[in-house]
Amino acid sequence: MKIKVIVTLKEGVLDPQGKAIQQTLNGMNFSDVKEVRQGKYFDIEVDTKDEKKAKTKVEEMCKHLLANLVIEDYKIL
Amino acid sequence: MKSSVIIFPGSNCDRDMDVALKKFGFKNQMVWHNDAEIPKSDLIVLPGGFSYGDYLRCGSIAAKSKIIKSVVEFANTGGLVLGICNGFQILTETGLLTGILQQNKYQKFICKNVHVKINDKENKYFKNIKKEILSLHIAHNEGNYFCSENELKFLKDNNLIAVTYCSKNGNESEEYNPNGTLKNIAGIFNKDKNILGMMPHPERMIDKYLSSNDGSFFFENLFENLK
(Lines give C-alpha, C1' and ligand atoms only; values in the text may rest on other atoms or scores of the structure.)
Protein backbone atom coordinates (compact mmCIF):
# COMPACT_ATOMS: atom_id res chain seq x y z
CA MET A 1 0.00 0.00 0.00
CA LYS A 2 0.99 3.58 -0.55
CA ILE A 3 1.74 5.88 2.37
CA LYS A 4 2.14 9.61 1.90
CA VAL A 5 4.46 11.70 4.03
CA ILE A 6 4.97 15.44 4.23
CA VAL A 7 8.12 16.86 5.79
CA THR A 8 8.14 20.53 6.69
CA LEU A 9 10.52 22.87 8.47
CA LYS A 10 9.62 23.52 12.08
CA GLU A 11 8.08 26.87 12.90
CA GLY A 12 10.70 29.54 13.38
CA VAL A 13 13.36 27.73 11.32
CA LEU A 14 14.68 29.91 8.52
CA ASP A 15 13.41 28.86 5.07
CA PRO A 16 15.36 30.81 2.42
CA GLN A 17 13.67 29.00 -0.47
CA GLY A 18 10.21 29.69 0.91
CA LYS A 19 11.18 33.33 1.33
CA ALA A 20 12.42 33.56 -2.29
CA ILE A 21 9.19 31.95 -3.53
CA GLN A 22 7.13 34.40 -1.47
CA GLN A 23 9.03 37.39 -2.87
CA THR A 24 8.61 36.09 -6.41
CA LEU A 25 4.88 35.63 -5.89
CA ASN A 26 4.66 39.17 -4.51
CA GLY A 27 6.50 40.36 -7.61
CA MET A 28 3.93 38.55 -9.78
CA ASN A 29 1.23 40.72 -8.18
CA PHE A 30 0.13 38.10 -5.66
CA SER A 31 0.66 40.88 -3.16
CA ASP A 32 -1.43 39.26 -0.42
CA VAL A 33 1.03 36.33 -0.02
CA LYS A 34 2.53 36.94 3.41
CA GLU A 35 4.59 33.79 3.85
CA VAL A 36 5.56 30.62 1.98
CA ARG A 37 7.09 27.58 3.66
CA GLN A 38 8.53 24.91 1.39
CA GLY A 39 8.43 21.23 2.30
CA LYS A 40 8.96 17.74 0.88
CA TYR A 41 6.41 15.13 -0.13
CA PHE A 42 7.06 11.37 -0.26
CA ASP A 43 4.97 8.56 -1.74
CA ILE A 44 6.12 5.32 -0.16
CA GLU A 45 4.97 1.98 -1.49
CA VAL A 46 5.11 -0.57 1.34
CA ASP A 47 4.59 -4.23 0.55
CA THR A 48 1.80 -4.96 3.03
CA LYS A 49 -1.96 -4.64 3.25
CA ASP A 50 -1.94 -3.83 6.94
CA GLU A 51 -2.22 -0.04 7.11
CA LYS A 52 -1.28 0.19 10.78
CA LYS A 53 1.87 -1.86 10.23
CA ALA A 54 2.81 0.17 7.17
CA LYS A 55 2.36 3.46 9.01
CA THR A 56 4.45 2.25 11.96
CA LYS A 57 7.25 1.38 9.54
CA VAL A 58 6.98 4.70 7.77
CA GLU A 59 7.12 6.48 11.12
CA GLU A 60 10.49 4.80 11.76
CA MET A 61 11.63 5.89 8.29
CA CYS A 62 10.64 9.47 9.09
CA LYS A 63 12.52 9.49 12.37
CA HIS A 64 15.69 7.95 10.99
CA LEU A 65 15.99 9.28 7.46
CA LEU A 66 13.19 11.25 5.86
CA ALA A 67 13.16 14.07 8.42
CA ASN A 68 15.90 15.63 10.50
CA LEU A 69 14.07 16.30 13.74
CA VAL A 70 16.42 19.14 14.67
CA ILE A 71 14.69 21.37 12.13
CA GLU A 72 11.90 19.35 10.52
CA ASP A 73 8.50 17.90 11.41
CA TYR A 74 6.83 15.06 9.55
CA LYS A 75 3.23 14.22 8.95
CA ILE A 76 2.03 10.80 7.78
CA LEU A 77 -1.15 11.30 5.78
CA MET B 1 50.64 8.03 11.83
CA LYS B 2 47.96 6.46 9.68
CA SER B 3 44.95 8.25 8.30
CA SER B 4 41.97 7.15 6.23
CA VAL B 5 39.93 9.33 3.90
CA ILE B 6 36.48 7.96 3.12
CA ILE B 7 35.29 8.38 -0.46
CA PHE B 8 31.56 8.64 -1.08
CA PRO B 9 30.04 8.89 -4.54
CA GLY B 10 30.19 12.64 -5.11
CA SER B 11 33.10 13.38 -2.77
CA ASN B 12 35.39 15.87 -4.53
CA CYS B 13 37.89 17.02 -1.90
CA ASP B 14 39.12 13.50 -1.12
CA ARG B 15 42.25 13.75 -3.24
CA ASP B 16 43.15 17.23 -1.99
CA MET B 17 42.87 15.83 1.52
CA ASP B 18 45.05 12.85 0.56
CA VAL B 19 47.73 15.22 -0.80
CA ALA B 20 47.56 17.41 2.32
CA LEU B 21 47.77 14.51 4.79
CA LYS B 22 50.70 12.93 2.96
CA LYS B 23 52.52 16.25 2.69
CA PHE B 24 52.54 16.57 6.46
CA GLY B 25 53.62 13.03 7.21
CA PHE B 26 50.51 10.87 7.43
CA LYS B 27 50.45 7.48 5.77
CA ASN B 28 47.08 7.95 4.16
CA GLN B 29 44.77 5.38 2.65
CA MET B 30 41.58 5.90 0.69
CA VAL B 31 38.54 3.92 1.83
CA TRP B 32 35.45 3.31 -0.31
CA HIS B 33 32.05 4.01 1.26
CA ASN B 34 30.80 0.53 0.47
CA ASP B 35 33.55 -1.18 2.45
CA ALA B 36 32.56 -2.57 5.81
CA GLU B 37 35.79 -1.94 7.65
CA ILE B 38 38.34 0.80 7.95
CA PRO B 39 42.02 -0.18 8.02
CA LYS B 40 43.85 0.63 11.24
CA SER B 41 43.96 4.42 11.52
CA ASP B 42 44.86 7.21 13.92
CA LEU B 43 42.62 9.64 12.07
CA ILE B 44 39.56 9.26 9.84
CA VAL B 45 38.60 12.09 7.50
CA LEU B 46 35.23 12.61 5.87
CA PRO B 47 36.05 14.92 2.95
CA GLY B 48 34.13 17.69 1.26
CA GLY B 49 31.97 17.27 -1.81
CA PHE B 50 28.40 16.37 -2.61
CA SER B 51 27.98 12.84 -1.30
CA TYR B 52 25.13 11.04 -3.07
CA GLY B 53 24.32 14.27 -4.90
CA ASP B 54 23.24 15.88 -1.62
CA TYR B 55 19.87 14.17 -2.15
CA LEU B 56 17.23 14.52 0.59
CA ARG B 57 19.49 16.62 2.88
CA CYS B 58 23.23 17.19 2.64
CA GLY B 59 25.02 14.22 4.16
CA SER B 60 21.85 12.32 5.05
CA ILE B 61 22.37 9.41 2.64
CA ALA B 62 26.11 9.15 3.41
CA ALA B 63 25.18 8.99 7.09
CA LYS B 64 23.47 5.65 6.37
CA SER B 65 26.20 4.19 4.15
CA LYS B 66 27.92 0.89 4.92
CA ILE B 67 31.21 2.37 6.12
CA ILE B 68 29.58 4.74 8.60
CA LYS B 69 29.03 2.04 11.23
CA SER B 70 32.80 1.60 11.46
CA VAL B 71 33.31 5.37 11.60
CA VAL B 72 30.81 5.65 14.48
CA GLU B 73 32.46 2.76 16.35
CA PHE B 74 35.89 4.34 15.85
CA ALA B 75 34.61 7.72 17.05
CA ASN B 76 32.82 6.25 20.05
CA THR B 77 36.01 4.61 21.23
CA GLY B 78 37.85 7.94 21.16
CA GLY B 79 39.24 7.80 17.62
CA LEU B 80 39.86 11.10 15.85
CA VAL B 81 37.30 11.90 13.17
CA LEU B 82 37.59 15.06 11.10
CA GLY B 83 34.75 16.16 8.80
CA ILE B 84 35.34 19.00 6.38
CA CYS B 85 32.41 20.73 4.66
CA ASN B 86 30.22 17.86 3.39
CA GLY B 87 32.07 15.74 5.98
CA PHE B 88 30.78 18.11 8.69
CA GLN B 89 27.26 17.75 7.28
CA ILE B 90 27.60 13.96 7.37
CA LEU B 91 28.77 14.07 11.00
CA THR B 92 25.68 16.03 12.05
CA GLU B 93 23.43 13.64 10.13
CA THR B 94 24.96 10.62 11.88
CA GLY B 95 24.36 12.33 15.22
CA LEU B 96 28.07 12.29 16.09
CA LEU B 97 27.89 16.09 16.15
CA THR B 98 24.93 18.08 17.35
CA GLY B 99 22.81 20.42 15.18
CA ILE B 100 22.50 20.66 11.42
CA LEU B 101 23.90 22.66 8.47
CA GLN B 102 21.11 24.48 6.71
CA GLN B 103 21.03 26.33 3.43
CA ASN B 104 22.94 29.63 3.46
CA LYS B 105 20.81 32.54 4.56
CA TYR B 106 20.96 34.39 1.22
CA GLN B 107 20.48 31.30 -0.97
CA LYS B 108 23.86 31.66 -2.63
CA PHE B 109 26.62 29.14 -3.02
CA ILE B 110 29.53 30.87 -1.30
CA CYS B 111 33.06 30.31 -2.55
CA LYS B 112 35.64 32.61 -1.00
CA ASN B 113 38.52 33.00 1.42
CA VAL B 114 37.57 33.70 5.03
CA HIS B 115 39.25 34.07 8.39
CA VAL B 116 38.40 31.81 11.29
CA LYS B 117 39.35 32.10 14.92
CA ILE B 118 40.38 29.05 16.91
CA ASN B 119 38.37 29.14 20.14
CA ASP B 120 39.71 26.14 21.97
CA LYS B 121 43.17 24.62 22.13
CA GLU B 122 42.49 21.94 24.72
CA ASN B 123 42.21 19.27 22.05
CA LYS B 124 44.29 17.18 19.66
CA TYR B 125 43.43 19.33 16.64
CA PHE B 126 44.57 22.76 17.81
CA LYS B 127 46.82 22.21 20.83
CA ASN B 128 50.06 24.21 20.33
CA ILE B 129 48.96 25.59 16.96
CA LYS B 130 51.12 28.59 16.08
CA LYS B 131 48.32 30.84 14.79
CA GLU B 132 45.05 31.89 16.46
CA ILE B 133 43.41 33.13 13.27
CA LEU B 134 43.61 31.15 10.07
CA SER B 135 42.91 32.26 6.53
CA LEU B 136 41.00 29.35 4.94
CA HIS B 137 38.64 28.75 2.06
CA ILE B 138 34.92 28.00 2.11
CA ALA B 139 32.81 26.63 -0.73
CA HIS B 140 29.31 25.59 0.24
CA ASN B 141 25.60 26.08 -0.18
CA GLU B 142 24.62 24.63 3.21
CA GLY B 143 26.95 26.02 5.85
CA ASN B 144 24.43 27.79 7.99
CA TYR B 145 24.84 25.99 11.33
CA PHE B 146 21.73 25.67 13.46
CA CYS B 147 20.92 23.98 16.76
CA SER B 148 18.46 24.41 19.62
CA GLU B 149 19.09 26.92 22.42
CA ASN B 150 19.86 24.09 24.84
CA GLU B 151 22.37 22.55 22.44
CA LEU B 152 24.01 25.93 21.88
CA LYS B 153 24.31 26.40 25.65
CA PHE B 154 25.87 22.94 25.89
CA LEU B 155 28.38 23.81 23.13
CA LYS B 156 29.29 27.09 24.84
CA ASP B 157 29.48 25.70 28.37
CA ASN B 158 31.81 22.91 27.28
CA ASN B 159 34.00 24.98 24.91
CA LEU B 160 32.86 22.92 21.94
CA ILE B 161 32.62 25.79 19.46
CA ALA B 162 35.89 25.01 17.71
CA VAL B 163 36.18 27.76 15.11
CA THR B 164 34.20 30.91 14.31
CA TYR B 165 34.19 33.23 11.30
CA CYS B 166 35.91 36.55 11.99
CA SER B 167 37.85 39.42 10.42
CA LYS B 168 41.58 39.09 9.87
CA ASN B 169 42.02 40.73 13.27
CA GLY B 170 39.62 38.39 15.03
CA ASN B 171 36.48 40.55 15.08
CA GLU B 172 33.53 38.14 15.21
CA SER B 173 30.77 40.60 14.35
CA GLU B 174 27.84 39.69 12.08
CA GLU B 175 29.60 41.47 9.21
CA TYR B 176 32.03 38.53 9.04
CA ASN B 177 29.30 35.88 9.12
CA PRO B 178 29.24 34.62 5.51
CA ASN B 179 26.17 32.40 5.59
CA GLY B 180 23.86 33.27 8.48
CA THR B 181 25.34 30.63 10.77
CA LEU B 182 24.49 30.73 14.47
CA LYS B 183 27.02 32.78 16.48
CA ASN B 184 29.46 32.79 13.53
CA ILE B 185 30.04 29.06 14.06
CA ALA B 186 32.31 27.54 11.40
CA GLY B 187 33.13 24.31 13.24
CA ILE B 188 32.29 22.36 16.39
CA PHE B 189 33.53 19.45 18.49
CA ASN B 190 31.68 16.59 20.14
CA LYS B 191 31.80 16.44 23.95
CA ASP B 192 35.13 14.59 24.10
CA LYS B 193 36.66 16.77 21.35
CA ASN B 194 37.83 13.78 19.34
CA ILE B 195 35.38 14.65 16.55
CA LEU B 196 35.75 17.94 14.69
CA GLY B 197 33.44 19.15 11.95
CA MET B 198 34.10 22.40 10.13
CA MET B 199 33.03 24.09 6.93
CA PRO B 200 36.36 25.74 5.95
CA HIS B 201 38.84 23.69 3.90
CA PRO B 202 42.35 23.58 5.40
CA GLU B 203 43.39 21.11 2.68
CA ARG B 204 43.06 23.87 0.07
CA MET B 205 45.59 26.09 1.81
CA ILE B 206 48.74 24.05 2.12
CA ASP B 207 51.15 25.69 -0.24
CA LYS B 208 52.73 29.12 -0.49
CA TYR B 209 51.67 29.22 -4.15
CA LEU B 210 48.01 29.04 -3.12
CA SER B 211 46.19 32.08 -1.72
CA SER B 212 47.03 31.05 1.83
CA ASN B 213 49.35 28.63 3.52
CA ASP B 214 47.42 28.50 6.79
CA GLY B 215 46.10 24.98 6.26
CA SER B 216 49.72 23.89 6.71
CA PHE B 217 49.64 25.07 10.33
CA PHE B 218 46.59 22.90 10.90
CA PHE B 219 47.99 19.68 9.41
CA GLU B 220 51.54 20.14 10.69
CA ASN B 221 50.22 20.72 14.18
CA LEU B 222 47.74 17.83 14.04
CA PHE B 223 50.51 15.45 12.98
CA GLU B 224 52.76 16.65 15.83
CA ASN B 225 49.93 16.26 18.35
CA LEU B 226 49.29 12.68 17.24
CA LYS B 227 52.93 11.60 17.26
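Is A:N29 buried or exposed? A:N29 is exposed, as 7 other C-beta atoms lie within 10 Å. (A residue counts as buried if 20 or more other C-beta atoms lie within 10 Å of its own, exposed if 12 or fewer, and partly exposed in between, with C-beta atoms placed from the backbone.) This is a predicted model, where local features need pLDDT of at least 70, side-chain atom pairs count only at pLDDT 80 or more, and totals for chains, interfaces and linings use all residues. Residues are numbered from 1 along each chain as its sequence is written, while chains are lettered from A and ligands numbered from 1 in the order in which they are written.

**Confidence**

- The model comes with an ipTM of 0.82 and a pTM of 0.93.
- In chain B the average pLDDT is 96, and 100% of the residues score at least 70; pLDDT is the predictor's confidence in each residue, from 0 to 100.

**Chain A overall**

- Chain A has two helices and three strands, and its pattern along the sequence reads β-α-β-α-β. Helices (H or I, at least four residues) and strands (E, at least two) are DSSP runs, numbered from the N terminus.
- The radius of gyration of chain A is 16 Å, against near 11 Å for a compact globule of 77 residues. That radius is taken over C-alpha atoms, and the globule rule is 2.2 Å times the number of residues to the power 0.38.
- Measuring along the principal axes, the C-alpha trace of chain A spans about 45 × 25 × 15 Å.
- Of the 77 residues in chain A, 12% are buried.
- Take the contacts in chain A between residues at least 6 apart in sequence: 63% of them join residues at least 24 apart. A contact here means that the C-beta atoms of two residues, placed from the backbone, lie within 7 Å.

**The sheet and helix of chain A**

- Three strands of chain A make an open, antiparallel sheet in the order β2-β1-β3. Two strands pair if DSSP finds at least two bridges between them.
- Why do β2 (39-45) and β3 (72-76) of chain A each have one side without a neighbour in the sheet? They stand at the edges with a single partner strand each, so one side of each is left free of a neighbour there.
- Neighbouring strands in this sheet are turned by 20° against each other on average, direction ignored. Axes are lines fitted to C-alpha atoms, for helices over the stretch in contact, and angles run from 0 to 180 degrees between N-to-C directions.
- Strand β1 (residues 2-9) of chain A runs antiparallel to β3(A), and five bridges join the two. Within β3(A), A:D73 is the residue opposite A:T8.
- Helix α2 (residues 51-66) of chain A lies across β1, β2 and β3 of chain A, at about 30° to β1(A).

**The sheet of chain B**

- Chain B has an open sheet of nine strands with mixed pairing, in the order β2-β1-β3-β4-β11-β10-β9-β6-β7.
- At its edges stand β2 (27-32) and β7 (133-140) of chain B; each has a single partner strand, so one side of each lacks a neighbour in the sheet.
- From one strand to the next, the twist averages 25°.
- Strands β10 (residues 185-189) and β11 (residues 195-198) of chain B pair in the antiparallel sense over three bridges. There, B:F189 faces B:L196 in β11(B) as its opposite residue.

**Where the chains meet**

- Eight residues of chain A are in contact with twelve residues of chain B.
- Helix α1 (residues 16-27) of chain A gives the largest share of chain A's side, with three residues.
- By class, that side of chain A has six nonpolar, two polar and no charged residues. Ala, Val, Leu, Ile, Met, Phe, Trp, Tyr, Cys and Pro count as nonpolar, Asp, Glu, Lys and Arg as charged, and the others, Gly among them, as polar.

**Residues to look up**

- Most residues other than glycine have a negative phi.
- A:N29 is not a glycine, yet its phi is positive, about 75°. A:N29 sits in the loop between α1 and β2 of chain A.
- B:Y52, also not a glycine, has a positive phi of about 50°. B:Y52 is in the loop between β3 (43-46) and α2 (68-76) of chain B, and is buried, with 22 other C-beta atoms within 10 Å.
- B:S167 lies in the loop between β9 (161-166) and β10 of chain B. B:S167 is partly exposed, with 14 other C-beta atoms within 10 Å.
- Not counting residues up to four places away in sequence, B:S167 touches B:H115 and B:Y176. The C-alpha atoms of B:S167 and B:V116 are separated by 7.7 Å, though the two residues are 51 apart along the chain.
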